[in-house]
Amino acid sequence: MVTLADIRAAAARIEGAVLRTPTLRSDAVSRAAGAQVWLKLDNLQATGAFKERGAANRIALLTARERAAGVVAMSAGNHAQAVARHAALAGIAATIVMPKFTPATKVVRTEGWGARVVLHGETLAESAAHAHALALRDGLTFIHPYDDPGVIAGQGTMVLEMLEDAPALDALVFPVGGGGLLTGCAAAARELRPGLPVYGVEVEGYPAMAQRLAGSPVSVGGPTIAEGIAVRDVGELPLALLRQMGVEVLVVPERAVEQAIALLAEGAKLVAEGAGATGLAAILAFPDRFAGRAVGTTVCGGNIDARILANVLLRNLLRDGRILRLHLDIPDRPGVLADIAARVAEAGGNVIEVSHQRLFAAPSVQSAELELMIEVRDTAQGNAIIAALEAGQYVVRRG
């Protein structure tokens, strides 16, 4: 068992090397969720994610011989940068094995912390096998991202800080990938606040921990915006400890994660990656559990690609009815576009994109197809614009 004493010791070891991030109540997020939502901002860490806590503690536990030999880790994401950074701070050589498909930006960032990056394998499993082979061949210490008591204790330091900043929390919610963060935080909460509910959260395409806890076969796969927790093989130590503590893992849909990312960006002015927003996604997706309660969760990572973030925000605007996509079959004659633009403007809409197709999409040679993207305040204004266009005898279809 990882104990509160282990976690307090980890906090002492990593003090000064890992940022003590704030836990803040967000009014905008709380209003949207119908609960008092407190956010632990570990996206503010130097590498942009909570993984520094576990990596820093595990590296601090190395013996003199292990330090001299160096460390190796396997990761295509935040764990790679965390191990690279804290090994460099400790003056320890680090080798990071990444799959061949790893984006160049992640390779460059990891190398930027001073690690030697080895690209090997088509899958994470192949990369992990190679990392273990290097550890055996070169006498390196393998730093596991989650199946290690030192890493788990380091991740659990998050709850020490959360309950110090917000002692009246009624529940805690944490994302689950391999299980290190949830296990450490649940272990700390169990002794600090016996009876305080602690939940894990997985995305619907990768509910491996929920399946293992239920004794079901693991069935995961497919694309997800929460790639940081898209894990097939959960940690055996976290699994055993979570089962022992009776921690429940909730499963949320992709749409809830996108909604949470957008809410954090627009409401709290915070950038979160998919995995980093899943705690809030659970609060939004399970109002029966969290409505009216003081709930603590973490924005545990902010390393999201700018293009993906932009797409999420636009998709959310479409879902909220704040961007209207319309298709119109229009007569192909002078003045029609001007009339449509005037009707949209009089209703207060802002046309942000126009596609006018004469040759291929129109049903008649005497007509054209017009596609409009219009920025509106809300669904009511969007409906008013459609009514204004239909009053001009235009046939309007929503996109």
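These are legends for a set of close-up views of a predicted model.

**View 1. The whole chain, before zooming in.**
Start with the full model, a predicted one, so you know what the close-ups are cut from. The chain carries 17 helices and 14 strands. Its C-alpha trace spans about 80 × 45 × 40 Å along the principal axes. Of the 399 residues, 52% count as buried. The exposed area comes to about 17,200 Å², and carbon and sulfur atoms supply 53% of that. On the charge side there are 37 positive and 40 negative side chains, and the centres of the two sets sit 3 Å apart. If you like contact maps, take the contacts between residues at least 6 apart in sequence: 72% of them join residues at least 24 apart.

**View 2. The six-stranded sheet and its edges.**
Here 6 strands make up an open sheet, and reading across it gives the order E1-E2-E10-E7-E8-E9, with mixed pairing. Strand E1 (23-25) and strand E9 (248-252) are the edge strands, so to speak the two hems, each pairing on one side only. From one strand to the next, the twist averages 30°. Zoom in on the E1 end and you'll find 3 bridges joining E1 to strand E2 (residues 36-40), with the two running antiparallel. Look for Leu24 there, standing opposite Leu39 in E2.

**View 3. Two helices on the six-stranded sheet.**
Helix H8 (residues 149-165) lies across E1, E2, strand E7 (171-175) and strand E10 (294-298). Its direction is at about 145° to E7. Helix H13 (residues 278-285) also packs on the sheet, where it touches E2, E7, strand E8 (198-203), E9 and E10. The angle between H13 and E7 is about 125°.

**View 4. The four-stranded parallel sheet.**
The chain has another open sheet, made by 4 strands in the order E5-E4-E3-E6, and this one is paired in parallel. Its edges are strand E5 (116-119) and E6, each with pairing on one side only. Further in, strand E3 (residues 71-74) and strand E4 (residues 94-98) run parallel and are joined by 4 bridges. One pair to pick out is Val71 with its bridge partner in E4, Ala94. Helix H7 (residues 124-138) packs on this sheet and touches E3, E4, E5 and E6. The direction of H7 makes about 170° with that of E3.

**View 5. Helix H3 and what covers it.**
Helix H3 (residues 51-60) is mostly covered, with 9 of its 10 residues buried. The buried set takes in charged-type names as well as small ones: Lys51, Glu52, Arg53, Gly54, Ala55, Ala56, Asn57, Arg58 and Ile59. What do the buried residues of H3 pack against? They pack against helix H1 (4-14), E2, helix H4 (64-69), helix H5 (78-89), strand E6 (141-142) and H8.

**View 6. Thr110 and its surroundings.**
Thr110 is part of helix H6 (residues 104-112). Is this residue, Thr110, buried or exposed? Thr110 counts as buried because its relative accessibility is 0%. Leaving out residues up to four places away in sequence, Thr110 touches Ala80, Gln81, Ala84, Ile96, Met98, Ala115 and Val117.

**View 7. Pro207 in its loop.**
You'll find Pro207 in the loop between E8 and helix H10 (208-213). With 9% relative accessibility, Pro207 counts as buried. Not counting neighbours within four places in sequence, Pro207 is in contact with Glu202, Ser219, Val220 and Val251. For a distance check, take Pro207 and Glu227: they are 20 residues apart in sequence, and their C-alpha atoms are 12 Å apart in space.

**View 8. Two loop residues with positive phi.**
Lys269 sits in the loop between helix H12 (254-266) and H13. Its phi is near 60°, a positive value in a residue other than glycine. Lys269 counts as exposed because its relative accessible area is 65%. Gln393 is in the loop between helix H17 (379-391) and strand E14 (395-398). Gln393 isn't a glycine either, yet it has a positive phi of about 70°. With 70% relative accessibility, Gln393 counts as exposed.

Note on methods. Residues are numbered from 1 along each chain as its sequence is written. Side-chain values use heavy atoms; hydrogens and water are left out. Axes are lines fitted to C-alpha atoms, for helices over the stretch in contact, and angles run from 0 to 180 degrees between N-to-C directions. Contact means heavy atoms within 4.5 Å. Buried means under 20% relative accessible area, exposed over 50%, partly exposed in between (1.4 Å probe, protein chains only). Accessible areas come from the Shrake-Rupley method with a 1.4 Å probe; for residues, only the protein chains shown count as cover. The place of a charge is taken as NZ of Lys, CZ of Arg, CG of Asp or CD of Glu.
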